[in-house]
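Me: Please take a close look at how the charges are placed in this model, and then set that part within the fold as a whole, cysteines included.

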Amino acid sequence: MENNVRPATMERITTQTLAEAFIQEQVANIQAQVGNKKVLLALSGGVDSSVVAALLIKAIGKQLVCVHVNHGLMRKNESEGVVEVFRNQMDANLVYVDATDRFLGLLAGVSDPEKKRKIIGKEFIEVFAEEARKLEDITYLAQGTIYPDILESIQKAEGKKAVKSHHNVGGLPEDLKFELVEPLKLLYKDEVRVVGRALGLPAEMVDRQPFPGPGLGVRCLGAITRDRLEALREADAILREEFANSGLSKKVWQFFVVIPDVKSVGVKDDSRYEGWPAILRAVNSKDAMTATVEEIPYEVLHTITRRITAEVPGINRVLYDLTPKPTGTIEWE
Ligand code: XMP
């Protein structure tokens, strides 16, 4: 337990120099802990798991086995980016699993948000466990636990009620008991990003906005279908491109598209055109407990609207969600 408390004397990692000192210390710690044994890591491509991967690659190279599970609910080009950075650029030992059909099969016809989250979380562990069983001689499991996760689990232990069930790789089946390697567990998020930059990870990975574990699954509202999920992925990519073009990506904490399971009547090429609405969400927040809605220039909203309705089959309207948290949560499910 003591190891899980950040010492009051620990300096905040704000500079490259401090990050390098931290990296050096952790590399030595990891080498001492792990020796010549193998370590497994679920690499989602999020900031925390990516920084853990880069740190472990530096410390133990190919003794680290990364498993990237593509649940089919990733954003456009995200899984491809994980493979490019870790396998091609960092020469990591990376197992890539395309489990899209499994996840979408299980989710077919399921519209209840909590049921969807449970299915995705459970199947994620199942797929990861299957891969872990195929590997031999794994002793350790690395996790991208950071200090706020530790503080949150203390709060949970004190009996506060969670609004949504978030998922991570905790809770592996009984036969898979590993010792944990958690090199970031005393760091705050901003420090993890500084360390990631010092490790040479690309900016789009280090500065990545929060992305829920269940991915686009909680943004493709109600029962997920492949065509609506594809429309969501394309519309979301356009939103991200236009936010980058207009400089908004640097000012807005989190932004994404949501598509409800509703169609409205529209018109295209002089014909009736029924389609879904794409709902844009762009919020600022410090800790995700509350959030304010960002003012987006009309010009940018018009450009995004024009592009989404022209380029994404199945979408005939674009809406902007003006609801702060509370009363809306950041995600719609
Ligand atoms: P809500 O929707 O509860 O979201 O206001 C707060 C923040 O948490 C993110 N989020 C998740 N993150 N696993 C995660 O790691 C999850 O299951 C999950 N669900 C929501 C959400 O994107 C927002 O930043």
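Reply: In this predicted model, the protein carries 43 positive and 48 negative charges, and the mean positions of these two sets are 2 Å apart. That count takes Lys and Arg as positive and Asp and Glu as negative, leaving out His and the chain ends.

The charges can be set beside the surface, where the accessible area of the protein comes to about 16,700 Å², with 52% of that area belonging to carbon and sulfur atoms. Of the 333 residues in the protein, 50% are buried.

As for the fold that carries these residues, the protein has 10 helices and 10 strands, and its C-alpha atoms fill a box of roughly 70 × 45 × 40 Å along the principal axes. The radius of gyration is 21 Å, which agrees with the value near 20 Å that a compact globule of 333 residues would have. Among the contacts with a separation of 6 or more, 78% are made by residues 24 or more positions apart.

Turning to the cysteines, Cys66 counts as buried because its relative accessibility is 0%, and Cys220, also at 0% relative accessibility, counts as buried too, the cut-off for that class being under 20%. A disulfide is a covalent bond between the sulfur atoms of two cysteines. With a limit of 2.5 Å between cysteine sulfur atoms, the count of disulfides in this model is zero.

Technical notes. Residues are numbered from 1 along each chain as its sequence is written. This is a predicted model: local features need pLDDT of at least 70, side-chain atom pairs count only at pLDDT 80 or more; totals for chains, interfaces and linings use all residues. Side-chain values use heavy atoms; hydrogens and water are left out. Helices (H or I, at least four residues) and strands (E, at least two) are DSSP runs, numbered from the N terminus. The radius of gyration is taken over C-alpha atoms; the globule rule is 2.2 Å times the number of residues to the power 0.38. Buried means under 20% relative accessible area, exposed over 50%, partly exposed in between (1.4 Å probe, protein chains only). Contact means heavy atoms within 4.5 Å. Accessible areas come from the Shrake-Rupley method with a 1.4 Å probe; for residues, only the protein chains shown count as cover. The place of a charge is taken as NZ of Lys, CZ of Arg, CG of Asp or CD of Glu.
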